[in-house]
Amino acid sequence: MKTDIEIARSVRMKPVEEVAKQLGIDPEDLELYGKYKAKVPLSYIDRKRTKEARLILVTAISPTPAGEGKTTVSIGLSQALNRIGKRSCVVLREPSLGPVFGIKGGATGGGLSQVLPMEDINLHFTGDFAAVEKAHNLLAALIDNNLQSKTRSLGLDPRTIAWKRVMDMNDRALRDMVIGLGGTTGGVPRETGFDITAASEVMAILCLSTGIADLKRRLGNIFVGLTYDKRPVYARDLQAEGAMAALLKDAIKPNLVQTIEGTPAIIHGGPFANIAQGTNTVLATEMSLSLTDYTVTEAGFGCDLGAEKFLDIKCRAAGLVPNAVVLVATVRALKYHGGQPLKELKTPNVEALERGIENLQKHIENVESFNLRPVVAINRFVTDSDEELKFIRDYCTMRGVACAVADVWGQGGAGTVELAQLVVEATAQGKPDFRPVYPLDAPVERKIESIAKQIYGADGVEYTPKAKTALKRIAELGLDGLAVCIAKTQKSLSDNPALLGRPRNFTITVRDIEIAAGAGFLVPITGEIMRMPGLPEEPAAIHIDMDEEGVISGLF
């Protein structure tokens with residue numbers, strides 16, 4: 001059996017100019033990055049047209065080590081829509097180098113449902129992550145420069161500065177450190193550290209901005225810290241937003257590539273979903289909606305994280321409403337949620353499936369709670385038995401939910417036609433009466449509680465003294481009207497990664513609440529959330545190589 005990279009390399013790609021023509025983009029307007037990648041100017045966004053096109057959100061059950069395959073299903077679905085005569089484009093996030101070299105080894109789909117050129121997309125691509133990193137670190141440098149300034153000092157209290165530096169790599173040694181050592185010329189000593197670039201508020205801002213003016217406004221709104229007399233300091237007070245935006249001049253433009261079947265793909269932005277909003281840029285989604293009839297996009301991790309944030313944060317900020325929501329599940333993952341050991345998942349076990357199906361049930365309820373239409377996609381694996389597949393289908397039929405088995409890895413678009421047809425039927429019913437979980441003017445505690453109870457299934461929320469202090473500070477700063485972006489483990493509906501399936505009788509504990517005023521949300525921290533992950537015992541990086549001809553191996 002060929003690996004993903006071998007399959008990708010066997011495909012003869014179209015020049016990106018041909019892909020652009022499929023979308024009605026003049027090749028002369030492209031900013032080329034070689035033969036197969038290009039940036040598209042924002043002038044191709046038509047916001048009147050975005051209201052008419054159909055938006056399909058792809059999400060999933062709670063992630064497991066067995067894998068679910070949202071990206072693969074998204075790509076396969078878009079390919080299938082084109083196969084049945086619909087003009088479609090898939091819109092995805094850019095991979096972070098941290099997971100690529102850590103666990104995943106790549107994040108561009110798989111089998112016959114991939115985006116190409118996969119090596120480029122998985123590595124430096126068009127440099128967007130580097131631009132975000134530089135813009136973020138410029139602000140960090142300006143902060144430390146202001147601390148030792150004699151004439152321009154804002155009186156910042158170093159103990160209140162939460163803005164760390166970032167880099168796009170898993171490196172646990174950089175999480176916490178002391179900087180400014182080296183005497184009077186080394187800066188002001190203080191505690192800080194590094195986050196991974198995907199966790200940067202600048203990444204979140206890039207993904208929520210509606211244009212250059214909005215980008216600059218949001219960058220200026222970044223909360224830096226407090227002065228010694230408790231006054232708030234924002235990036236605009238450091239006059240940082242102009243230079244930061246300049247570094248993002250090219251990064252703000254969406255990237256055009258293609259799928260393995262030549263379907264247009266727009267890949268742009270890459271925030272994580274357990275610590276940020278987990279969706280691609282508003283501009284990329286709007287561009288696809290402007291140029292096609294069906295836009296397929298995905299949200300990171302499970303429905304309780306990426307989809308909730310897509311709907312409560314991104315949709316509200318951009319005025320978007322999905323016409324349908326595809327909920328990806330696998331037989332293997334549901335059996336894992338039902339208690340079957342990871343090493344035994346290839347063995348048929350309907351009893352474990354019966355127990356694990358509760359996780360799917362809760363996520364169906366979550367989609368319906370937004371007044372949206374779920375369509376279940378069973379991402380098929382060769383080890384799935386007919387009895388197991390029938391069990392999931394029958395369960396969905398009993399609940400009145402459309403369901404299709406999709407062989408996205410083995411057959412690409414051809415194996416996803418049934419799902420595409422169900423999605424077309426769901427979107428033909430018009431725009432749903434979309435209902436967010438909470439109103440923005442609700443108290444912060446009520447917003448958090450609404451998500452915890454309605455989406456996670458918690459009994460309630462508890463706050464540590466540190467979180468209560470943060471709530472008080474947020475109110476004093478007048479920032480309590482912001483949305484909330486809860487940082488939580490992706491492995492469970494609860495804040496305890498060990499509670500699989502559909503946990504009940506649990507309480508969510510908020511340890512702290514961070515301010516992301518530029519992005520337009522607050523970040524309640526639950527559980528142990530790593531903003532700078534570490535590499536595993538056997539990193540994917542040790543299997544990645546390049547030969548003398550420049551051919552890369554080991555990405556998958």
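The legends below describe close-up views of a predicted model.

**View 1. Strands β3, β16, β17 and β18 are joined by parallel pairings.**
Strand β16, residues 324-329, pairs with β17 in the parallel sense over five bridges, and five bridges likewise join β3 to β16, with the two strands running parallel. On the other side of the β16-β17 pairing in this description, β17 is joined by five bridges to strand β18, residues 402-406, and these two also run parallel. Individual positions help to fix the register: threonine 59 has leucine 327 as its bridge partner in β16, while valine 325 stands opposite proline 374 in β17. Valine 375 of β17 is the bridge partner of valine 326, and valine 375 also stands opposite alanine 402 in β18.

**View 2. Strands β16 and β17 are covered on both faces.**
In strand β16, six of the six residues are buried; Ala324, Val326 and Val328 lie on one side, with Val325, Leu327 and Ala329 on the other. Strand β17, residues 374-379, is likewise mostly covered, with six of its six residues buried. Its two faces carry Pro374, Val376 and Ile378 on one side and Val375, Ala377 and Asn379 on the other.

**View 3. Glycine 69 lies in the loop between β3 and α4.**
The loop that holds glycine 69 runs between strand β3, residues 54-60, and helix α4, residues 70-83. Glycine 69 has a relative accessible area of 24% and is therefore classed as partly exposed, the range for that class lying between under 20% for buried and over 50% for exposed. When residues up to four places away in sequence are not counted, glycine 69 touches Val328 and Asn379, of which Val328 belongs to the covered strand β16 and Asn379 to the covered strand β17. Asparagine 170, which is 101 residues from glycine 69 in sequence, is 22 Å from it in space, C-alpha to C-alpha.

**View 4. Helix α14 crosses helix α15 in a right-handed sense.**
The axes of α14, residues 350-369, and α15, residues 386-399, come within 11 Å and cross at roughly 35°. From α14, the contact draws on Val350, Leu353, Glu354, Ile357, Leu360, Gln361, Ile364, Glu365 and Glu368, which meet Glu387, Glu388, Phe391, Ile392, Tyr395, Cys396 and Arg399 of α15. By residue class, the contact of α14 with α15 divides into nine nonpolar, one polar and six charged residues.

**View 5. Helix α14 also meets helix α18.**
The axes of α14 and α18, the latter spanning residues 444-456, come within 9 Å and cross at roughly 130°, so that α14 is oblique to α18. Lys362, Asn366 and Ser369 of α14 make this contact with Gln454, Ile455 and Tyr456 of α18. The residues of the contact of α14 with α18 divide into two nonpolar, three polar and one charged.

**View 6. A mixed, open sheet of four strands is packed against helix α19.**
The four strands follow the order β19-β21-β22-β20. Strands β19, residues 460-463, and β20, residues 483-484, stand at the edges, and because each has a single partner strand, one side of each is left without a neighbour in the sheet. Strand β21, residues 507-516, pairs with strand β22, residues 521-526, in the antiparallel sense over six bridges, and glutamate 514 has valine 523 in β22 as its bridge partner. Helix α19, residues 465-476, packs on the sheet and touches β19, β21 and β22, its direction making about 40° with that of β21.

**View 7. Helix α11 is largely enclosed by the rest of the structure.**
Ten of the ten residues of α11, which spans residues 282-291, are buried. Among them are the nonpolar side chains of Val282, Leu283, Met287, Leu289 and Leu291, and the charged residue Glu286 is also buried.

**View 8. Glutamate 133 in helix α7 is buried.**
Glutamate 133 belongs to helix α7, residues 128-147, and its relative accessible area of 17% places it among buried residues, for which the cut-off is under 20%. Leaving aside neighbours within four places in sequence, glutamate 133 is in contact with Val166, Met167, Asp168 and Thr197. Leucine 247 is 114 residues from glutamate 133 in sequence, yet the two are 9.5 Å apart in space, C-alpha to C-alpha.

Terms used
Residues numbered from 1 in each chain as written. Predicted model: local features only at pLDDT ≥ 70, side-chain atom pairs only at ≥ 80, totals over all residues. Heavy atoms only, no water. Axes fitted to C-alpha atoms, helices over the stretch in contact; angles between N-to-C directions. Left-handed = near helix turned anticlockwise from the far one by under 90°. Contact = heavy atoms within 4.5 Å. Buried < 20%, exposed > 50% of the residue type's maximum accessible area, 1.4 Å probe, protein only. Parallel < 35°, antiparallel > 145°, perpendicular 65-115°, else oblique. Pairing = 2+ DSSP bridges.
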